[in-house]
Amino acid sequence: MFHIGRYLIPEKCPYCGRTIEPDMTECVFCRAQFPPMPKVDLLPSGDLCIAPFSYGGAVKKAMRDLKFHGARFNSESLACALAGAIRTVYDKDMDSELITSVPTASKAKGLRRYDQAELLARQAGKILKLPYRKLLKMHPGQSRQVGKSAAERLDYWEEGILPLSPEEIKGKKILLIDDVVTTGATLSACCRILRKNGAERVLCAVTAMAGEYRLALESAVDSSSFGRTSSAGAEHIDENDPEQEKGG
Ligand SMILES: [Zn+2]
(Lines give C-alpha, C1' and ligand atoms only; values in the text may rest on other atoms or scores of the structure.)
Protein backbone atom coordinates (compact mmCIF):
# COMPACT_ATOMS: atom_id res chain seq x y z
CA MET A 1 0.00 0.00 0.00
CA PHE A 2 1.16 3.54 -0.74
CA HIS A 3 2.61 5.56 2.08
CA ILE A 4 4.71 8.70 1.86
CA GLY A 5 7.55 7.30 3.96
CA ARG A 6 8.55 5.01 1.14
CA TYR A 7 9.40 8.01 -1.03
CA LEU A 8 11.64 9.56 1.60
CA ILE A 9 13.54 6.48 2.71
CA PRO A 10 14.63 4.12 -0.11
CA GLU A 11 13.20 0.65 0.41
CA LYS A 12 15.31 -2.44 -0.02
CA CYS A 13 14.44 -5.64 -1.84
CA PRO A 14 13.42 -8.18 0.85
CA TYR A 15 15.17 -10.97 -1.06
CA CYS A 16 18.59 -9.50 -1.87
CA GLY A 17 18.85 -6.09 -0.19
CA ARG A 18 19.20 -3.99 -3.36
CA THR A 19 17.55 -0.55 -3.26
CA ILE A 20 14.29 -0.67 -5.21
CA GLU A 21 11.99 1.82 -6.94
CA PRO A 22 9.21 3.29 -4.75
CA ASP A 23 6.46 1.43 -6.61
CA MET A 24 8.19 -1.95 -6.52
CA THR A 25 7.94 -4.63 -3.84
CA GLU A 26 11.10 -6.44 -4.96
CA CYS A 27 13.94 -5.82 -7.42
CA VAL A 28 13.73 -6.89 -11.06
CA PHE A 29 16.52 -9.44 -10.60
CA CYS A 30 14.62 -11.31 -7.88
CA ARG A 31 11.26 -10.99 -9.64
CA ALA A 32 12.75 -12.70 -12.70
CA GLN A 33 13.71 -15.71 -10.56
CA PHE A 34 10.23 -16.32 -9.19
CA PRO A 35 8.64 -19.44 -10.61
CA PRO A 36 5.44 -18.74 -12.56
CA MET A 37 3.50 -21.76 -11.27
CA PRO A 38 2.39 -22.09 -7.66
CA LYS A 39 3.24 -25.19 -5.61
CA VAL A 40 0.27 -27.41 -4.81
CA ASP A 41 -0.17 -30.16 -2.25
CA LEU A 42 -2.83 -31.96 -0.28
CA LEU A 43 -2.80 -31.58 3.50
CA PRO A 44 -3.22 -34.62 5.81
CA SER A 45 -6.84 -33.50 6.19
CA GLY A 46 -7.37 -33.86 2.42
CA ASP A 47 -7.61 -30.12 1.88
CA LEU A 48 -5.84 -28.40 -0.97
CA CYS A 49 -2.94 -26.11 -0.11
CA ILE A 50 -1.06 -23.85 -2.50
CA ALA A 51 2.03 -21.64 -2.23
CA PRO A 52 3.85 -19.25 -4.55
CA PHE A 53 7.24 -20.36 -3.23
CA SER A 54 9.12 -23.31 -1.87
CA TYR A 55 10.78 -22.57 1.46
CA GLY A 56 14.44 -21.91 0.80
CA GLY A 57 17.09 -19.44 -0.30
CA ALA A 58 16.07 -15.81 -0.63
CA VAL A 59 12.41 -16.51 0.19
CA LYS A 60 13.37 -18.25 3.43
CA LYS A 61 15.56 -15.31 4.40
CA ALA A 62 12.80 -12.78 3.62
CA MET A 63 10.33 -14.80 5.70
CA ARG A 64 12.70 -15.24 8.62
CA ASP A 65 13.44 -11.51 8.60
CA LEU A 66 9.69 -10.87 8.70
CA LYS A 67 9.14 -13.37 11.50
CA PHE A 68 12.14 -12.75 13.72
CA HIS A 69 13.74 -9.43 12.80
CA GLY A 70 10.80 -7.06 12.46
CA ALA A 71 11.11 -6.71 8.67
CA ARG A 72 7.43 -5.87 8.33
CA PHE A 73 7.89 -4.40 4.85
CA ASN A 74 8.73 -7.89 3.50
CA SER A 75 5.10 -8.85 3.99
CA GLU A 76 4.05 -6.61 1.07
CA SER A 77 6.02 -8.52 -1.53
CA LEU A 78 5.23 -11.90 0.02
CA ALA A 79 1.49 -11.13 0.22
CA CYS A 80 1.57 -9.96 -3.40
CA ALA A 81 3.03 -13.31 -4.49
CA LEU A 82 0.54 -15.14 -2.25
CA ALA A 83 -2.43 -13.30 -3.78
CA GLY A 84 -1.05 -14.03 -7.26
CA ALA A 85 -0.89 -17.77 -6.52
CA ILE A 86 -4.42 -17.71 -5.08
CA ARG A 87 -5.69 -16.02 -8.25
CA THR A 88 -3.82 -18.45 -10.51
CA VAL A 89 -5.06 -21.64 -8.85
CA TYR A 90 -8.39 -20.73 -7.27
CA ASP A 91 -9.49 -18.10 -9.77
CA LYS A 92 -12.18 -20.04 -11.60
CA ASP A 93 -13.89 -20.80 -8.30
CA MET A 94 -12.75 -17.76 -6.34
CA ASP A 95 -15.93 -17.17 -4.45
CA SER A 96 -14.38 -17.21 -0.98
CA GLU A 97 -16.24 -14.82 1.30
CA LEU A 98 -13.56 -14.06 3.82
CA ILE A 99 -9.89 -14.56 4.56
CA THR A 100 -8.45 -15.69 7.90
CA SER A 101 -5.14 -16.95 9.31
CA VAL A 102 -3.73 -19.73 11.45
CA PRO A 103 -3.53 -18.41 15.03
CA THR A 104 -0.21 -17.73 16.75
CA ALA A 105 0.49 -17.94 20.47
CA SER A 106 0.02 -14.47 21.96
CA LYS A 107 3.41 -14.72 23.66
CA ALA A 108 5.22 -15.26 20.33
CA LYS A 109 3.31 -12.43 18.70
CA GLY A 110 4.17 -10.11 21.58
CA LEU A 111 7.90 -10.31 20.90
CA ARG A 112 7.65 -8.88 17.39
CA ARG A 113 4.36 -6.98 17.94
CA TYR A 114 2.62 -8.54 14.98
CA ASP A 115 1.42 -11.94 13.82
CA GLN A 116 3.07 -12.62 10.46
CA ALA A 117 0.34 -15.01 9.27
CA GLU A 118 -2.33 -12.41 10.06
CA LEU A 119 -0.29 -9.66 8.40
CA LEU A 120 0.08 -11.73 5.21
CA ALA A 121 -3.62 -12.66 5.24
CA ARG A 122 -4.74 -9.04 5.75
CA GLN A 123 -2.53 -7.78 2.91
CA ALA A 124 -3.50 -10.61 0.54
CA GLY A 125 -7.14 -9.90 1.47
CA LYS A 126 -6.77 -6.28 0.41
CA ILE A 127 -5.39 -7.33 -2.98
CA LEU A 128 -8.11 -9.97 -3.45
CA LYS A 129 -10.86 -7.73 -2.01
CA LEU A 130 -11.72 -10.21 0.71
CA PRO A 131 -12.45 -9.01 4.26
CA TYR A 132 -10.13 -10.38 6.96
CA ARG A 133 -11.73 -12.02 9.96
CA LYS A 134 -9.98 -13.50 12.98
CA LEU A 135 -11.85 -16.81 13.36
CA LEU A 136 -9.49 -19.00 15.39
CA LYS A 137 -7.47 -18.55 18.55
CA MET A 138 -5.07 -20.63 20.53
CA HIS A 139 -6.06 -21.87 23.93
CA PRO A 140 -4.18 -19.78 26.52
CA GLY A 141 -0.89 -21.44 27.36
CA GLN A 142 -0.62 -23.32 24.08
CA SER A 143 2.17 -22.66 21.63
CA ARG A 144 3.11 -23.98 18.23
CA GLN A 145 4.85 -27.31 18.64
CA VAL A 146 8.21 -27.70 16.99
CA GLY A 147 9.87 -31.12 16.85
CA LYS A 148 6.78 -33.27 17.38
CA SER A 149 5.49 -35.81 14.88
CA ALA A 150 2.64 -34.90 12.53
CA ALA A 151 0.23 -37.14 14.47
CA GLU A 152 1.22 -35.63 17.83
CA ARG A 153 0.89 -32.13 16.47
CA LEU A 154 -2.50 -32.91 14.99
CA ASP A 155 -3.85 -34.09 18.36
CA TYR A 156 -2.32 -31.15 20.12
CA TRP A 157 -3.74 -28.65 17.70
CA GLU A 158 -7.21 -30.10 17.61
CA GLU A 159 -7.31 -29.48 21.34
CA GLY A 160 -5.28 -26.30 21.33
CA ILE A 161 -7.22 -24.29 18.75
CA LEU A 162 -10.59 -22.79 19.47
CA PRO A 163 -13.10 -21.01 17.26
CA LEU A 164 -13.31 -17.34 18.21
CA SER A 165 -16.70 -16.65 16.69
CA PRO A 166 -18.55 -19.79 15.49
CA GLU A 167 -21.38 -17.64 14.11
CA GLU A 168 -18.93 -16.03 11.64
CA ILE A 169 -17.70 -19.48 10.47
CA LYS A 170 -21.07 -21.14 9.84
CA GLY A 171 -22.01 -21.40 6.15
CA LYS A 172 -18.95 -19.42 4.97
CA LYS A 173 -16.46 -20.10 2.19
CA ILE A 174 -13.15 -19.40 3.86
CA LEU A 175 -9.62 -18.81 2.60
CA LEU A 176 -7.15 -19.88 5.31
CA ILE A 177 -3.63 -18.42 5.30
CA ASP A 178 -0.39 -19.37 7.04
CA ASP A 179 3.20 -18.29 6.44
CA VAL A 180 4.86 -21.70 5.93
CA VAL A 181 3.52 -25.25 5.69
CA THR A 182 5.79 -28.07 6.84
CA THR A 183 3.91 -31.23 7.92
CA GLY A 184 0.53 -29.65 7.26
CA ALA A 185 -0.70 -30.71 10.71
CA THR A 186 -1.42 -27.16 11.82
CA LEU A 187 -3.40 -26.21 8.73
CA SER A 188 -5.22 -29.56 8.78
CA ALA A 189 -6.36 -29.02 12.36
CA CYS A 190 -7.57 -25.51 11.51
CA CYS A 191 -9.49 -26.87 8.48
CA ARG A 192 -11.18 -29.50 10.65
CA ILE A 193 -12.15 -26.96 13.29
CA LEU A 194 -13.56 -24.58 10.68
CA ARG A 195 -15.60 -27.41 9.14
CA LYS A 196 -16.72 -28.68 12.57
CA ASN A 197 -18.08 -25.20 13.12
CA GLY A 198 -20.04 -25.23 9.89
CA ALA A 199 -17.72 -23.69 7.27
CA GLU A 200 -19.11 -24.47 3.83
CA ARG A 201 -15.65 -24.64 2.24
CA VAL A 202 -12.04 -24.07 3.27
CA LEU A 203 -9.18 -23.36 0.85
CA CYS A 204 -5.61 -23.04 2.13
CA ALA A 205 -2.77 -20.89 0.86
CA VAL A 206 0.66 -20.28 2.36
CA THR A 207 3.60 -18.15 1.30
CA ALA A 208 6.03 -21.06 1.15
CA MET A 209 5.98 -24.84 1.18
CA ALA A 210 8.79 -26.65 2.98
CA GLY A 211 9.92 -30.02 1.64
CA GLU A 212 8.36 -31.76 -1.33
CA TYR A 213 5.22 -30.56 -2.97
CA ARG A 214 4.12 -33.81 -4.39
CA LEU A 215 1.26 -33.09 -6.72
CA ALA A 216 0.89 -31.59 -10.13
CA LEU A 217 -1.66 -28.81 -10.20
CA GLU A 218 -4.33 -30.71 -12.15
CA SER A 219 -4.22 -33.90 -10.07
CA ALA A 220 -4.25 -31.97 -6.78
CA VAL A 221 -7.32 -29.99 -7.78
CA ASP A 222 -9.04 -33.17 -8.98
CA SER A 223 -8.40 -35.14 -5.78
CA SER A 224 -9.28 -32.40 -3.30
CA SER A 225 -12.74 -31.42 -2.15
CA PHE A 226 -12.12 -28.17 -4.05
CA GLY A 227 -12.05 -30.04 -7.39
CA ARG A 228 -15.47 -31.54 -6.75
CA THR A 229 -17.09 -28.24 -5.85
CA SER A 230 -19.55 -26.79 -8.31
CA SER A 231 -18.45 -23.46 -9.70
CA ALA A 232 -21.95 -21.99 -9.49
CA GLY A 233 -21.85 -18.44 -8.21
CA ALA A 234 -18.19 -18.01 -9.11
CA GLU A 235 -18.74 -14.37 -10.07
CA HIS A 236 -19.69 -13.47 -6.55
CA ILE A 237 -16.84 -11.79 -4.68
CA ASP A 238 -17.61 -9.73 -1.61
CA GLU A 239 -16.30 -6.22 -1.82
CA ASN A 240 -13.98 -5.25 0.96
CA ASP A 241 -15.82 -3.00 3.36
CA PRO A 242 -13.37 -0.95 5.45
CA GLU A 243 -16.02 -0.52 8.16
CA GLN A 244 -16.24 -4.27 8.63
CA GLU A 245 -12.47 -4.56 9.04
CA LYS A 246 -12.50 -2.71 12.34
CA GLY A 247 -14.16 -5.62 14.06
CA GLY A 248 -11.49 -8.11 12.89
ZN1 LIG B 1 16.21 -8.50 -5.04
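Hi everyone, this is a short walk through helix α3 and the nonpolar core of a predicted model.

Local features here need pLDDT of at least 70, side-chain atom pairs count only at pLDDT 80 or more, and totals for chains, interfaces and linings use all residues. Residues are numbered from 1 along each chain as its sequence is written.

On confidence, the chain averages a pLDDT (the predictor's confidence in each residue, from 0 to 100) of 77, and 68% of the residues score at least 70. Please be wary of residues 225-248, where pLDDT stays under 50.

Now to α3, residues 57-68. Helices are DSSP runs of H or I, at least four residues, and strands are runs of E, at least two, numbered from the N terminus. Which residues of α3 are buried? They are Val-59, Ala-62, Met-63 and Leu-66; buried means 20 or more other C-beta atoms, placed from the backbone, within 10 Å of a residue's own, and exposed means 12 or fewer. Down the axis, the buried residues fall within an arc of 95° (taken from the directions from the helix axis to the C-beta atoms), so they line one face of the helix. On the other side, Gly-57 and Phe-68 are exposed. The buried residues pack against β5, α4, α6, β9 and β10. Just after α3, Gly-70 has a positive phi of about 70°.

Finally, the largest nonpolar core (buried Ala, Val, Leu, Ile, Met, Phe, Trp, Tyr and Cys joined through C-beta atoms within 7 Å) has 63 residues, and Leu-176, Cys-204 and Ala-205 touch the most other members. Helix α4 gives the largest share, nine residues. Thanks, everyone!

Technical notes. Expected span 1.5 Å × (residues − 1). Contact = placed C-beta atoms within 7 Å.
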